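Student: I would like to go through this structure slowly, asking at each step what a term rests on. Could you set each value beside its cut-off before you conclude anything?

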Amino acid sequence: MFKLKYLILKNAVTIPLFCAALSTVPCHAVENPLKVVATQTMYSSVVKEIGRDKVDVKYVAPPKFNVHFIQPKPTDVRNITKADLYVDAGLDLEAWSDSLLEAAGKPEFFRGRERNIDMSKGIRLLEVPDHQLSRAEGDIHIYGNPHYNMNPENVKIMAENVIEKLKSIDPANASYYETNEKAFIARLDQKIAEWKKLCANCNGQEILSYHKDIAYFADFLGLKADQYIEPKPGIPPTPKHLEFLEEYVKANHIKAIAMPTYYPKDAAEALAKRVGAKVVTVCQNVGELPGTDDIFSFFDYNFRQISEALK
Amino acid sequence: MNAFLHIMTLPFLACLIFTGIHAYLGLHVIERQVIFVDLALAQIAAVGASVALVFGLSIDSPYSYWMSLGFTIVGAAIFSLTRFKKQRVPQEAIIGIVYAVSAALLILILSRSGEGDEQIRQALVGNILLINLKEIIKIFIIYSIIGLFHYAFRKQFFLISHNPQEAFKKGLNVKLWDFLFYVSFGFVVTSSVKIAGVLVVFAFLIVPSTCAIIFSNVAKIRLMLGWGIGFVVSAIGMAISYFLDFPTGASVVCAFGVTLVILLAVKKIYQLNIIGRHTS
């Protein structure tokens with residue numbers, strides 16, 4: 001400990017000198033492997049599928065935590081400082097992202113800039129407010145629902161966003177990336193067909209969700225899911241709302257309540273018990289549970305869970 | 001090492017600025033025995049920001065800031081009006097009540113606003129690691145002005161904190177000076193909490209001043225000790241956070257806790273007192 005103290009005190013003197021030197025460091029050229037930082041594991045997985053050996057991918061938000069409330073650590077700042085490319089969700093999901101980029105001193109990673117991949121590009125957004133925005137009416141996300149990870153069809157669009165950028169900043173490996181992307185999309189298409197078949201029983205049914213993060217998942221499966229236990233993020237349900245939900249679940253014969261791992265389960269479980277429904281864990285990100293470590297096993301898990309519960 | 005400096009320099013500077021004003025204000029807070037007043041004021045400020053949200057004003061807008069500040073001033077008025085010559089209820093009770101009610105009020109307001117819970121929560125948690133140069137300059141200016149204000153009126157401020165009975169006797173307008181104290185205090189705390197969160201601000205406020213009061217009873221020496229401790233602990237906290245990869249704010253708070261334990265042990269073993277065997 002004493003050594004550390006000494007180290008810091010000594011360096012307090014060199015800080016001003018260092019700051020001066022820092023401002024003259026030139027922007028480095030692209031070298032392999034390309035260093036990529038993604039905000040979420042879903043995005044880092046897509047990049048890895050396409051970049052394979054030519055990319056070194058890291059992510060900021062650990063998948064077991066709620067992506068709304070991430071507290072970046074020094075490693076995250078360091079990874080971003082060293083990175084060549086930054087991948088984020090776009091929209092307004094990752095409120096911590098901008099200050100993280102500022103702390104790392106990487107203006108080229110901001111949205112719309114040359115070294116940023118905005119995964120939401122080209123995605124058909126759901127729940128986009130269609131009226132003059134009024135916060136009092138409960139428009140949580142002003143650009144639309146940002147949880148588009150949940151639909152495997154959207155992964156194809158994300159892959160497109162990734163390959164486009166990889167080819168433009170690393171043209172030497174363009175054909176390598178293309179081959180990987182083709183293989184990835186082919187496998188995805190085959191799996192999508194499988195998942196659709198597995199979940200054929202879900203089509204037309206209705207589920208309840210804990211948080212407003214299920215829309216794309218429901219869209220893919222043909223589920224109806226527009227009632228939430230948590231009426232607003234972070235606000236516990238009122239007695240009236242619970243009463244309403246109980247009636248609603250009974251009247252509509254709802255069999256399942258979906259929620260990710262990081263919200264408290266008690267409200268959902270209490271309700272499920274009273275009405276004889278099942279609480280289903282639907283992951284929000286790759287790696288949130290053991291055995292969901294890549295994109296395919298992630299969707300496998302979610303779709304198996306929901307089709308099982310709705311039998 | 002370069003990466004360490006690159007990442008930790010700004011947070012460290014922020015810690016130094018924090019130490020400067022909080023170690024001083026902490027001395028007052030402890031003498032007044034209003035330990036949790038900063039939590040209460042931060043909570044009131046958050047209510048202000050949430051009211052702004054309900055009116056459709058973004059949390060980053062200056063209106064939101066002024067609204068927070070307005071609520072903080074109301075809080076300052078409450079705290080200065082609840083200090084009497086004969087204190088029947090300890091002020092901590094009032095502070096606790098203000099804290100609990102404003103935290104609950106925040107939940108009520110946000111349940112109607114439907115948005116902003118994330119940002120409000122963020123405003124109470126903060127992340128000192130991600131502070132930028134603009135914010136550093138801003139707090140440096142604000143805290144310097146408040147520091148100078150307190151320096152100019154140090155006699156009054158120290159008298160009402162240290163010996164209010166004497167102040168009443170001297171015919172000082174204790175309520176007014178109390179109010180000025182809490183307004184300036186609220187100004188500092190609201191800005192700091194937004195950057196670093198309630199835990200970190202509490203630690204900077206209470207730990208250096210507690211250590212200093214244990215060792216000395218002279219205001220000037222206490223202040224020097226508080227600043228020294230704040231400086232060293234901030235540096236240690238930065239190193240822990242960086243080299244062990246822990247969240248920065250929490251590292252600093254824990255470093256403060258450990259430091260206090262070590263200093264208490266040192267005091268116990270050596271019976272150390274820096275100036276002043278005769279207590280005042």
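Student: Why is Gly249(B) called buried?

Tutor: In this predicted model, Gly249(B) has 26 C-beta neighbours inside 10 Å, and a residue is called buried if 20 or more other C-beta atoms lie within that distance. Because 26 C-beta neighbours are found, Gly249(B) counts as buried.

Student: Which residues does Gly249(B) touch, not counting residues up to four places away in sequence?

Tutor: Gly249(B) touches Gly126(B), Asn127(B) and Ile128(B), and also Ala196(B), Gly197(B), Leu199(B) and Val200(B). As for Gln91(B), which is 158 residues apart from Gly249(B) along the chain, the two C-alpha atoms are separated by 29 Å.

Student: In which helix does Gly249(B) lie, and how do you know that the span of this helix agrees with its number of residues?

Tutor: Gly249(B) lies in helix α11 of chain B. The expected span is 1.5 Å times one less than the number of residues, so the 23 residues of α11 (residues 248-270) of chain B should span 33 Å, and the end C-alpha atoms are indeed 33 Å apart, which agrees. Just after α11(B), Gln271(B) takes a positive phi of about 50 degrees.

Student: Which residues of α11(B) are buried, and what do they pack against?

Tutor: The buried residues of α11(B) are Thr248(B), Gly249(B), Ser251(B), Val252(B), Val253(B), Ala255(B) and Phe256(B). They pack against three helices of chain B, namely α1 (2-32), α9 (174-215) and α10 (219-243), together with α3 (74-82) of chain A.

Student: What makes the largest nonpolar core one that lies between domain 1 and domain 2 of chain A?

Tutor: Domain 1 (34-125 + 140-192) and domain 2 (200-309) of chain A both give residues to this core, so the core lies between them. The core has 162 residues, of which Val46(A), Val47(A), Ala256(A), Ile257(A) and Ile306(A) touch the most other members, while the helix that gives the most to this core is α9(B), with 21 residues. Leaving aside residues up to four places away in sequence, Val46(A) touches Val155(A), Met158(A), Ala159(A), Val162(A) and Ile295(A).

Student: How do you know that domain 1 and domain 2 of chain A are in contact, and what makes up the side of domain 1 that touches domain 2?

Tutor: Two residues are in contact if their C-beta atoms lie within 7 Å, and 22 residues of domain 1 of chain A are in contact with 20 residues of domain 2 of chain A. On the side of domain 1 of chain A that touches domain 2 of chain A, α2 (41-51) and α5 (152-169) of chain A each supply at least two residues, and α2(A) gives the most, with 5 residues. By class, that side has 9 nonpolar, 9 polar and 4 charged residues. The C-alpha centres of the two domains lie 26 Å apart.

Student: What is the average pLDDT of chain A, and where does pLDDT stay under 50?

Tutor: Chain A averages a pLDDT of 85, and 86% of the residues score at least 70. Over residues 1-28 of chain A, pLDDT stays under 50, and the model has 16 contacts beyond four places in sequence for them. Over residues 135-139 of chain A, pLDDT also stays under 50, and the model has 18 such contacts there.

Terms used: Residues numbered from 1 in each chain as written. Chains lettered and ligands numbered in written order. Predicted model: local features only at pLDDT ≥ 70, side-chain atom pairs only at ≥ 80, totals over all residues. Domains from an automatic or database assignment. Helix = DSSP H or I, 4+ residues; strand = E, 2+ residues; numbered from the N terminus. Nonpolar A, V, L, I, M, F, W, Y, C, P; charged D, E, K, R; others polar. Buried ≥ 20, exposed ≤ 12 C-beta atoms within 10 Å, placed from the backbone. Core = buried A, V, L, I, M, F, W, Y, C linked by C-beta atoms within 7 Å. pLDDT = per-residue confidence, 0-100.
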